[in-house]
Amino acid sequence: MPAEFIRILIGLVAVAISVGLIGLVMVWVERKVAGHIQRRPGPYEVGPSGLLQPLADALKLVGKQLFMPDKADPILFWLAPVLSFLPVLLLFLPLPLGDGLYALDVNLGLLLILAFSGLAVLSLLLGGWASNNKYGLLGAARAVAQSVAYEIPLLLSVLAVSFVAGSLNLAEVVKGQGTWPWNWNIMTQPLAFLIYMVSALGETNRAPFDLPEAESELTAGFHTEYSGMGFGLFFLAEYANMVVVCAVATALFLGGWNGPVLPGPVWFVLKVSLLMLLMVFFRWTYPRVRFDQLLNINWKWLMPLAVLNLLATSFFVKLAQFTEVRW
Amino acid sequence: MEEMAKVAFGLYALIILGGSLLAVGAKSLVRAMVGLIATLLGVAGMYMLLNSVFMALMQILIYVGAVCVLIFFAIMLTKADPEGEEAESSPLYQNVLALLAVLVTGGVLSWLVLTRPLATTGVPVEVTIEKLGLGLLGPYGLAFELISVVLLISMAGAVLLAWERRNGK
């Protein structure tokens, strides 16, 4: 029993450190990509190619004074950023980096991630509401409509994969896939992968679906009033959620740690980084959708497609079982 | 191990109690909702203590992640500010009646629990989701279907209400 606890403890420490590091690296990547796409250099003064710029920014954020607007709800206002960051640490625990390389061996790992990622929305709308600011409230309202809508196709597409794999344990799902790309679940479930990635963008509030924080319409949406590390925690949580979403996509669709030549964890990190880079490219190449378009994409396209995909998948899974028994 | 379970039970019970008090007593509706969330999380912890991880995660996924978010949506549509007339404290006799209702229910329940001890107090066994799914579609199929009928009726009721209002306008 203590061994289990120690494993979780080590996992938590590793996750906390890596979330901080990933945050720093991702800020740099994002600004560099944005710069080059917009034909400017991006950060380049601090450190080689501006690599230390995020560190300087982080130190500045930590040193800033924490403000709270007049007539804001003090408890909820400070609860929101903490509530956005805490569940993230839990989300990383069941992710399998390699064969046997995970902090928490739980049968329902996928369900655990899906359940606790729902808390992020709550923190976001509590923050938006408690700031006593109309931009914050509008951002919160958008976040509610968006995340409730996009959670459904996300769950349905994940469910299709777990039907095929017959398990909700991420490590089991990875073990069901082979070494080469044509053995991965993306070959049998391409539609589910597409639906998953689009709804994941919606769930993590990334452009083109970043309506809750749309800076050109709502200044900064739900975190308009947050200064210093209050904002910093929201920001870190967003990047951490991106990592979790990409890691789940890697495990479910892209074969997880499976891959030729290189050791497993390297493959896993490579695939996750590739998906993250893809998300960054999306952000700087596509314009933000309008709110009615956002909801139309979800309710008129993603939802029916996900349901159809699930029905077809369950039909074929049953068919395969049936023929197996007859054989 | 048993002490730890008892400590965890006490902790979850405190969370549930504190959350429900906040949910009932808070002046601002959003704070009341936060109390409700704390209560639901405490209940999820209780499920965890009963060794049914699936139920606990479903509790968080559905009640905390979806239902509470929808409640928040409803709160934002009503725009109930803490200084509004609904936020005024209710008259004394209503408070007394509420206390009486709590005491009577709690009294009857605790009397039942204390005078009729449970026959089984073994360590709870984990039920796998395969078993759960087969049970829901097999021996408990009728109850499962009836629950979905209840949901269908409530959905139809909501549509009907919205329909009438739209025609009336």
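**Figure 1. A:Arg39, an exposed residue in a loop of chain A.** In this predicted model, A:Arg39 has 6 other C-beta atoms within 10 Å and is therefore exposed. (A residue is buried if 20 or more other C-beta atoms lie within 10 Å of its own, exposed if 12 or fewer, and partly exposed in between, with C-beta atoms placed from the backbone.) You will find A:Arg39 in the loop between helix H1 (2-37) and helix H2 (53-63) of chain A. Helices (H or I, at least four residues) and strands (E, at least two) are DSSP runs, numbered from the N terminus. A:Arg39 is not a glycine, yet its phi is positive, at about 55°. Most residues other than glycine have a negative phi. Residues are numbered from 1 along each chain as its sequence is written, and chains are lettered from A and ligands numbered from 1 in the order in which they are written. As this is a predicted model, local features need pLDDT of at least 70, side-chain atom pairs count only at pLDDT 80 or more, and totals for chains, interfaces and linings use all residues.

**Figure 2. B:Asn51, a loop residue of chain B with a positive phi.** The phi of B:Asn51 is about 65°, although this residue is not a glycine. B:Asn51 sits in the loop between H2 and H3 of chain B. It counts as partly exposed, with 13 C-beta neighbours inside 10 Å.

**Figure 3. The loop residue A:Arg206 and its contacts.** Look for A:Arg206 in the loop between H8 and helix H9 (215-218) of chain A. With 18 other C-beta atoms within 10 Å, A:Arg206 is partly exposed. Leaving aside neighbours within four places in sequence, A:Arg206 is in contact with A:Leu201, A:Met242, A:Met279 and A:Arg283. (Two residues are in contact if their C-beta atoms, placed from the backbone, lie within 7 Å.) A:Arg283 is 77 residues away from A:Arg206 along the chain, and their C-alpha atoms are separated by 6.7 Å.

**Figure 4. A:Thr179 in the loop between H6 and H7 of chain A.** The flanking elements here are helix H6 (170-175) and helix H7 (185-188) of chain A. A:Thr179 has 13 other C-beta atoms within 10 Å and is partly exposed. Beyond its neighbours within four places in sequence, A:Thr179 is in contact with A:Asn258, A:Gly259 and A:Pro260. Its C-alpha atom and that of A:Leu308, 129 residues apart along the chain, are separated by 29 Å.

**Figure 5. Helices H8 and H10 of chain A, side by side in contact.** The axes of helix H8 (residues 190-203) and helix H10 (residues 228-253) of chain A come within 11 Å and cross at roughly 170°. Axes are lines fitted to C-alpha atoms, for helices over the stretch in contact, and angles run from 0 to 180 degrees between N-to-C directions. H8(A) and H10(A) are therefore roughly antiparallel to each other. (Angles under 35 degrees count as roughly parallel, over 145 as roughly antiparallel, 65 to 115 as roughly perpendicular and the rest as oblique.) A:Phe193, A:Tyr196, A:Met197, A:Ala200 and A:Glu203 in H8(A) meet A:Val245, A:Ala249 and A:Phe253 in H10(A). By class, this contact has seven nonpolar, no polar and one charged residues. Ala, Val, Leu, Ile, Met, Phe, Trp, Tyr, Cys and Pro count as nonpolar, Asp, Glu, Lys and Arg as charged, and the others, Gly among them, as polar.

**Figure 6. The largest nonpolar core.** A nonpolar core is a set of buried Ala, Val, Leu, Ile, Met, Phe, Trp, Tyr and Cys residues joined through C-beta atoms within 7 Å. This one has 118 residues, of which A:Leu125, A:Val243, A:Ala249 and B:Ile37 touch the most other members. H10(A) gives the most to the core, with 18 residues. Apart from neighbours within four places in sequence, A:Ala249 is in contact with A:Tyr196, A:Met197, A:Ala200, A:Leu254 and A:Leu275.

**Figure 7. Where chain B touches chain A.** Here 19 residues of chain B are in contact with 17 residues of chain A. On the side of chain B, helix H2 (29-49) and helix H3 (53-78) are the elements that give two or more residues. H3(B) provides the largest share, 14 residues. By class, this side of chain B has 16 nonpolar, two polar and one charged residues.
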